[in-house]
Amino acid sequence: MQSGLSKSILFTVVGKLRFLSGKYLNMSAISFTVGPKNCSTAGADVSKMCAAHHAIDKHVKDGMILGIGSGSTIVYGVQRLAQRMKDENLSVVCVPTSYQARQLIIDYKLTLGNLDTNPKIDCTIDGADEIEVGTLTCIKGGGGCLTQEKIVASCSEKLIIVADGAKEVNRLGQKWKKGIPIEVIPMACKPIQQKIEEKYGGEAVLRMSADKAGPLVTDNGNFLLDWCFPETKYCWSSVHYYLKLIPGVVETGLFIDMTDECLVGDPQGNVRLLKKTEQTLEL
């Protein structure tokens, strides 16, 4: 689908797009709907939007507790959820994974929950920076929300990852070159940097803020190290557990054996399902 196509859309219905000519175009993979804030396809990333809409349509049921992920793809999911709740009178409690997710829930007038009142979550829908085909191991935390994302995911019956095809790789680090995010207590930042580099090589870089002087500060008041790792074969479970044992490490952006399925969208409006077909490498 080309971005200019959306300019001729008058309205949308499930499974079809209607044009000024009166003709319909069948959309087998996803249906585009206008959200509460005029969520049209104009200016949208169709790949991300298709994946997010498909996840909401497939997995969200009336009466469920839903974890709301963070990032650009999830915005489309929240828009679609708001439209479904309005059209179908659904009752869904939304548990956020970040300040951004919380604000989205409030802005779209969805029901805001938390882990105090909803410690068991039916399903969480979230994005990823990179997805390893086969194992479905993900790198997350490019937006700085990895710790709360992992907490909510760990409380969920299912974790559904939505993404565009650019996030799909055969091995981690193939496309995502910004490293694995690691949330750390500020006072321990330098020792942790040294320990990671001494153990595995590469470079653990303190993430700086784009909008203020100094380091980026997470929603939890911590710093982030981005470990740019050498290109070699890793047992990511072993790496994760080693990092977690370093005093001062709060959490890593490695999501291992957590994802139930990935929904990957493309610019033509198709959505592919990825399931786990391989076990995580153990060394």
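In this predicted model, strand β8, spanning residues 130-132, runs parallel to β11 and is joined to it by two bridges. Across this pairing, E132 of β8 has V169 of β11 standing opposite. The two strands belong to an open sheet of four strands, in which pairing is mixed and the order reads β11-β8-β9-β16. The edges of this sheet are taken by β11 (168-169) and β16 (254-255); each has a single partner strand, so one side of each is left without a neighbour in the sheet.

Strand β12 offers a second pairing pattern to follow. This strand covers residues 180-184, and five of its five residues are buried. The cover extends to both faces: I180, I182 and V184 are buried on one side, while P181 and E183 are buried on the other. Readers looking at the charged side chain here will find that E183 counts among the buried residues of β12.

Two antiparallel partners can be described for β12. With β14 (residues 223-228), β12 shares five bridges in an antiparallel arrangement, and P181 has D226 as its bridge partner in that strand. With β15 (residues 249-252), β12 shares three bridges, again antiparallel; here I182 is matched with T252.

Attention can now turn to the pockets. The largest pocket holds about 380 Å³ of space. Its lining is made up of 28 residues, and those closest to the pocket centre are S70, G71, S72, G142 and G143. Two or more lining residues come from each of α2 (72-88), α3 (99-107) and β10 (159-164). Helix α2 makes the largest contribution to the lining, with three residues. Sorted by class, the lining of this pocket comprises 12 polar, nine nonpolar and seven charged residues.

Finally, a word on the cysteines. The disulfide count for the model is zero, taking a disulfide as a pair of cysteine sulfur atoms within 2.5 Å. Two cysteines can be placed by their accessibility. C145 has a relative accessibility of 14% and therefore counts as buried, the cut-off being under 20%. C235 has a relative accessible area of 4%, so this residue is buried as well.

How values were computed
Residues numbered from 1 in each chain as written. Predicted model: local features only at pLDDT ≥ 70, side-chain atom pairs only at ≥ 80, totals over all residues. Heavy atoms only, no water. 1 Å grid on protein atoms, 1.4 Å probe; cavity = no way out; pocket = protein on both sides within 12 Å on 5 of 7 lines; lining within 4 Å. Points joined across faces, edges and corners; volume = space filled by probe spheres on them. Nonpolar A, V, L, I, M, F, W, Y, C, P; charged D, E, K, R; others polar. Buried < 20%, exposed > 50% of the residue type's maximum accessible area, 1.4 Å probe, protein only. Pairing = 2+ DSSP bridges.
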